[in-house]
Amino acid sequence: MSKMSIRKRFFVTMRGFGILKRYCPGLAQGKALYELINSIQPFISVWFSARIINEICTQRRAATIAIYVIGVVLTNFIFSILKSILDRVCNEKESQMWSWFGKIFSDKQMSLDFDDLENAKIQHMRQEAEENLYMFGNGLAQLVWGTSALVRSLVNILASVAMTVTLFLSRSGNKVIDNSAWILIVFACILLGGFSNSKATVKENEVFMKWCKDTVWFNRVFMFFGKELYMNPEKAKDVRIYNQNTIAAKVLDKLIQHDRENQTALFKMSIFPAMANIIIGLANTVCYLFVAVKAFFGAFGAGSIVQYVAVLSRLGDGLQELMYVLSDNEVYCIHLQKLFEYMDIPNHMYQGSLTVEKRDDNEYDVEFRDVSFQYPNTGTYALRHVNLKFKTGEKLAVVGMNGSGKTTFIKLMCRLYDPTEGEILLNGVNIQKYDYDEYRSIFSVVFQDFRLFAFGLGQNVAASADYDSGHVLECLKRAGFDERLKTMPNGIKTCLYKDFDTDGVEISGGEAQKIALARALYKDAPFIILDEPTAALDPISEYEVYSRFNEIAGGKTAVYISHRLASCRFCDKIAVFHKGEVMQKGTHEELLANINGKYYELWNAQSQYYTPHTK
């Protein structure tokens with residue numbers, strides 16, 4: 001485990017508190033305040049108890065005893081109320097803590113450039129940071145708990161020192177016991193106990209970190225085979241048909257063997273704290289003997305014995321815990337560094353500042369001007385010298401074989417990526433100059449690998465918790481989902497899937513595609529882009545979408561990606577992609593008239609499935 005300077009640890013810790021303040025406001029402060037009150041309360045009880053015992057053993061003044069009793073009862077009552085309030089607030093915040101930690105990662109994922117989302121190195125950084133946080137509790141969670149431990153240890157040390165000053169100042173009349181060297185001996189024993197506990201923590205953490213490093217891969221494998229393979233209903237059919245459980249069983253056997261091998265590491269981890277506890281026990285023994293001998297020679301009364309014994313024990317606990325907190329701080333600062341490295345990944349895409357003109361007539365012209373593109377970390381071009389222009393209201397079909405660059409073309413137009421060469425223009429202006437979020441707002445897209453969520457149907461269509469019910473119903477009807485909607489028990493409030501609602505409705509792939517289409521319509525953006533929108537539909541539903549395509553798109557500019565050429569006849573213009581290049585452009589009739597063109601070749605290859613054959 002690499003060492004980190006005190007200065008760097010301070011700045012890392014302060015940044016950690018800044019993140020906690022943003023995502024879990026009041027949690028660290030509440031825990032600190034609770035621990036302050038909780039740690040002071042025993043000292044108050046000890047102090048009053050010592051006074052009461054001393055008074056009973058000496059003058060026995062009833063009024064004085066009554067004052068002490070009332071004081072301790074009233075103080076504990078007030079402290080208990082404050083603790084109960086703070087405990088409830090802190091428990092509520094701490095129960096939400098892990099969810100808020102998850103939002104840290106989701107916020108960062110949403111802010112990353114799209115190409116970084118597909119970067120294996122960056123995703124490994126995220127996974128490593130998440131594993132540290134969720135699987136081992138290292139980092140922000142330890143910072144929360146460490147705050148409580150730090151406050152507790154400081155209160156124990158400061159209050160104990162304040163209440164033991166009289167122990168060393170009181171004189172017993174015995175020169176040996178009253179010798180100031182005893183002060184050094186007692187504190188040396190206490191410090192030795194704290195130091196041994198600190199070293200035990202460091203050694204334990206070193207073993208633990210090595211064990212964690214060795215088990216990272218096994219944890220990932222366990223999560224995959226234990227959760228994804230066995231518990232995911234979507235994979236259940238393949239698991240059973242192909243007996244994939246036999247592969248999983250072999251890997252899980254390997255995991256069990258790995259756990260057995262780790263017993264040695266766990267044994268080493270237990271040795272260090274055990275040795276530290278022996279030393280701490282010896283230190284406490286010296287402290288108790290010192291108090292007992294001094295009291296025996298008459299230095300103080302019986303009540304003071306109770307005070308000093310209790311306080312010296314807490315002084316030792318405070319020193320031990322402070323050393324533990326300081327050593328543990330280095331451990332979780334190292335883990336916080338992993339989180340910060342992920343959070344500090346910069347955005348490379350220029351965000352732009354120009355406002356996208358909000359035109360009442362929705363007149364937008366898009367032009368690809370000599371655009372070429374390579375995906376990051378690849379040596380081949382996905383698109384080469386693409387020149388294409390289309391205007392508002394046009395229906396453009398993009399066709400071609402798998403891997404011809406159709407979806408890449410859409411990703412560039414939506415500015416999920418920037419071109420490697422060339423430029424894309426909106427109304428004559430390079431799209432990189434527009435405000436990034438504003439530019440994306442003019443597109444409604446149904447991607448081939450779209451996702452629906454286990455929320456209400458209306459929320460899925462609106463992509464929001466709040467929505468216009470009338471508009472949702474209209475969009476579902478335009479997407480051809482109205483008949484299926486009639487069978488849903490709670491209408492548009494029906495929850496999809498059963499992840500969160502046992503009464504949730506399972507839907508087919510074709511139904512999901514219609515909901516995704518309704519979501520694109522609900523956004524009501526000037527551009528609507530459909531990437532293989534009928535891939536999961538049956539022939540009848542597919543025909544309905546084709547025949548009502550102009551109605552669905554309305555006056556919007558529509559870009560329709562498909563490898564089924566029969567579905568493109570209703571489009572104003574067709575762009576034929578092949579190996580990343582635009583081979584042909586024109587209407588269906590124009591392209592089909594060129595018998596030497598790629599479109600004619602593709603059309604004839606597919607027409608056999610639509611033309612009756614005779615034997």
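**Exercise 1. Place Ser-148 in the fold and decide whether Ser-148 is buried or exposed.**

Solution.
- Start with the secondary structure. Ser-148 sits in helix α6, which covers residues 140-169. The model is a predicted one.
- Next, take the relative accessible area, which is 7% for Ser-148.
- Apply the cut-off: buried means under 20%. Ser-148 is therefore buried.
- Now look for partners beyond the neighbours within four places in sequence. Ser-148 is in contact with Lys-31 and Glu-35.

**Exercise 2. Classify the ring pair of Trp-47 and Tyr-68, and say where in the chain each residue lies.**

Solution.
- Begin with the total: the structure has 17 aromatic pairs.
- Take the distance for this pair. The ring centres of Trp-47 and Tyr-68 are 6.3 Å apart. The limit for a pair is 6.5 Å.
- Then take the planes. They stand at 85 degrees, so Trp-47 and Tyr-68 are edge-to-face. The cut-off for that class is over 60 degrees.
- Locate the two residues. Trp-47 belongs to helix α2 (residues 27-57), and Tyr-68 to helix α3 (residues 62-111). They are 21 residues apart, and the pair links distant parts of the chain.
- Check the accessibility of Trp-47. Its relative accessible area is 36%, so Trp-47 is partly exposed.
- Aromatic residues also group elsewhere. Phe-114, Phe-373, Tyr-375 and Tyr-417 make up one aromatic cluster.

**Exercise 3. Describe how helix α16 packs on helix α18.**

Solution.
- Identify the helices: α16 spans residues 469-478 and α18 spans residues 509-523.
- Read the geometry. The angle is about 130 degrees, and the axes lie 8 Å apart.
- Name the arrangement. Angles over 145 degrees count as roughly antiparallel, and 65 to 115 as roughly perpendicular. At about 130 degrees, α16 is therefore oblique to α18.
- Add the handedness: α16 crosses α18 in a right-handed sense.
- List the contact residues. α16 contributes His-471, Val-472, Cys-475, Leu-476 and Arg-478. α18 contributes Ala-518, Leu-521 and Tyr-522.
- Sort these residues by character: six are nonpolar, one is polar and one is charged.

**Exercise 4. State how many helices and strands the protein has, and what share of its residues is buried.**

Solution.
- Count the elements: 22 helices and ten strands.
- Take the burial next. Of the 615 residues, 47% are buried.
- Finish with contact range. Consider contacts between residues at least 6 apart in sequence; of these, 75% join residues at least 24 apart.

How values were computed: Residues are numbered from 1 along each chain as its sequence is written. This is a predicted model: local features need pLDDT of at least 70, side-chain atom pairs count only at pLDDT 80 or more; totals for chains, interfaces and linings use all residues. Side-chain values use heavy atoms; hydrogens and water are left out. Axes are lines fitted to C-alpha atoms, for helices over the stretch in contact, and angles run from 0 to 180 degrees between N-to-C directions. Helices (H or I, at least four residues) and strands (E, at least two) are DSSP runs, numbered from the N terminus. Angles under 35 degrees count as roughly parallel, over 145 as roughly antiparallel, 65 to 115 as roughly perpendicular and the rest as oblique. A crossing is left-handed if the near helix is turned anticlockwise from the far one by less than a right angle, and right-handed if clockwise. Contact means heavy atoms within 4.5 Å. Ala, Val, Leu, Ile, Met, Phe, Trp, Tyr, Cys and Pro count as nonpolar, Asp, Glu, Lys and Arg as charged, and the others, Gly among them, as polar. Buried means under 20% relative accessible area, exposed over 50%, partly exposed in between (1.4 Å probe, protein chains only). Rings of Phe, Tyr and Trp (its six-membered ring) pair if their centres lie within 6.5 Å; planes under 30 degrees apart count as stacked, over 60 as edge-to-face and the rest as tilted.
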